[in-house]
Amino acid sequence: MAAHPLGNDRERFRTLFMEQRGEVYRFLYRLAGNAHDAEDLLQETFARLWHKRDQFRGDGSLAGYVRKIAYRTFLNARIRLQRVRASLPIAGELEDRYDGPADDAQSRDCRAFLLRHVQQAVRSLPESWRQPFVLFRYQNMSCREIAELMGLTNKAVEMRLRKATHSIAAQLASLRAEYDDGAAR
C-alpha cells in the first residue's frame with residue numbers, strides 16, 4: 001500500500017498548517033466577513049484536510065487543494081453565516097491609510113463613509129455574484145481559478161464579475177447623485 005502524499009506524520013501536517021494558515025484565514029475571512037467565523041472555518045478546513053489527506057493525489061498544487069477544501073467548508077457553513085452577515089462587513093476593516101494631519105477628521109470621516117457604502121454594496125449583491133467578486137477583488141484570484149474553485153466556466157465567472165461591478169457602480173453612482181444634489185441646494 002503506497003503512502004499518500006500528505007502522509008500520516010502529524011508534525012509534517014502541523015508544519016503545513018503553520019505555512020498555509022495565514023493565507024487560508026484571509027481567504028475565509030473575505031468569504032465569511034468576520035474574524036470569528038473565519039477562525040472556526042480555518043480550524044474546520046484543516047480538520048477536513050487531515051481526514052481527506054488520502055484524497056490528495058498530488059496532480060495539482062497543495063495550496064489549491066487546501067483552498068478548495070476551505071471553499072467547500074465555507075459553502076457548508078453558509079446558512080449559519082448568513083444569519084450574521086447582514087450586520088458584519090464583508091471585506092473586513094481596511095487599513096486607515098490616512099496620512100494627513102491628525103486634526104483633519106473630515107477626510108477620515110469621508111473615507112469611512114465611502115468604505116461603509118462600498119461594503120454595503122458588496123453585501124447586497126446576490127450570493128452568486130458576491131462570491132466571485134470577493135475572490136477576484138480581495139483574494140486576487142484569476143477568473144480561471146475562481147471557475148475551477150466554484151465549478152463554473154470562465155465565461156460564467158466573467159459575467160458574474162461584470163454584473164457585480166455594474167451593480168456596485170450603480171449603487172455608488174446613486175449615492176453620488178444623492179450627495180451632489182444635496183450639495184447643490
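**Notes on an all-helical predicted model**

1. Let's begin with one helix pair: helix 1 and helix 5 pack with their axes 9 Å apart, at an angle of about 145 degrees. Their crossing is right-handed. Helix 1 brings Phe-27, Arg-30 and Leu-31 to this contact, and helix 5 brings Arg-130, Val-134 and Leu-135. Sorted by class, the residues here are four nonpolar, no polar and two charged. Please keep in mind throughout that this is a predicted model.

2. Now for the overall layout. The protein has seven helices and zero strands, so its pattern along the sequence reads α-α-α-α-α-α-α. It contains 185 residues, of which 37% count as buried. If you take the contacts between residues at least 6 apart in sequence, 66% of them join residues at least 24 apart.

3. Helix 1 has a second partner to look at. Helix 1 (residues 10–32) packs against helix 2 at an angle of about 140 degrees, and the two axes are 8 Å apart. That angle makes helix 1 oblique to helix 2, because only values over 145 count as roughly antiparallel. The crossing of helix 1 past helix 2 is right-handed.

4. Which residues of helix 1 and helix 2 meet? On the helix 1 side they are Arg-10, Phe-13, Leu-16, Phe-17, Gln-20, Arg-21, Val-24, Tyr-25, Leu-28, Tyr-29 and Ala-32. On the helix 2 side they are Ala-35, Asp-37, Ala-38, Glu-39, Leu-41, Leu-42, Gln-43, Thr-45, Phe-46, Leu-49 and Trp-50. By class, this contact of helix 1 with helix 2 holds 15 nonpolar, three polar and four charged residues.

5. Ala-32 deserves a point of its own. This residue is found in helix 1 and is one of those that meet helix 2. Ala-32 counts as buried because its relative accessibility is 3%, below the 20% cut-off. Its C-alpha atom is separated by 9.3 Å from that of Ala-77, which is 45 residues away along the chain.

6. On to the charged pairs. Side chains of opposite charge can pair when their charged atoms come close. How many salt bridges does the model have? The count comes to three, and the next points take them in turn.

7. Within helix 2 (residues 35–51), Glu-44 and Arg-48 sit four residues apart, about one turn of the helix. They form a salt bridge in which the closest N and O atoms are 2.8 Å apart. Glu-44 is partly exposed at 30% relative accessibility. Arg-48 is partly exposed as well, with a relative accessible area of 25%.

8. Arg-130 and Glu-127 form another salt bridge, with 3.0 Å between the closest N and O atoms. Both residues lie in helix 5 (residues 127–137), three residues apart, about one turn of the helix. Are the two partners buried or exposed? Arg-130 is buried, with a relative accessible area of 1%. Glu-127, at 19% relative accessibility, also counts as buried, because the cut-off is under 20%. Arg-130 will be familiar from the start of this note, since it is among the helix 5 residues that contact helix 1.

9. The remaining salt bridge joins the side chains of Glu-148 and Lys-68, at 3.9 Å from N to O. This pair links distant parts of the chain: Glu-148 belongs to helix 6 (residues 143–150) and Lys-68 to helix 3 (residues 62–85), with their positions 80 residues apart. Lys-68 counts as partly exposed, at 31% relative accessibility. The distance counts as a salt bridge because the limit is 4 Å.

10. Glu-158 is worth a quick look in helix 7 (residues 154–184). Its relative accessibility is 36%, and Glu-158 therefore counts as partly exposed. The C-alpha atoms of Glu-158 and Cys-143 are separated by 6.7 Å, while the two residues are 15 apart along the chain.

11. One backbone detail to finish. Most residues other than glycine have a negative phi. Asn-140, however, has a phi near 55 degrees, a positive value in a residue other than glycine. Where is Asn-140 placed? You will find Asn-140 in the loop between helix 5 and helix 6. At 65% relative accessibility, Asn-140 counts as exposed, because the cut-off for that class is over 50%.

Technical notes: Residues numbered from 1 in each chain as written. Predicted model: local features only at pLDDT ≥ 70, side-chain atom pairs only at ≥ 80, totals over all residues. Heavy atoms only, no water. Helix = DSSP H or I, 4+ residues; strand = E, 2+ residues; numbered from the N terminus. Buried < 20%, exposed > 50% of the residue type's maximum accessible area, 1.4 Å probe, protein only. Axes fitted to C-alpha atoms, helices over the stretch in contact; angles between N-to-C directions. Parallel < 35°, antiparallel > 145°, perpendicular 65-115°, else oblique. Left-handed = near helix turned anticlockwise from the far one by under 90°. Contact = heavy atoms within 4.5 Å. Nonpolar A, V, L, I, M, F, W, Y, C, P; charged D, E, K, R; others polar.
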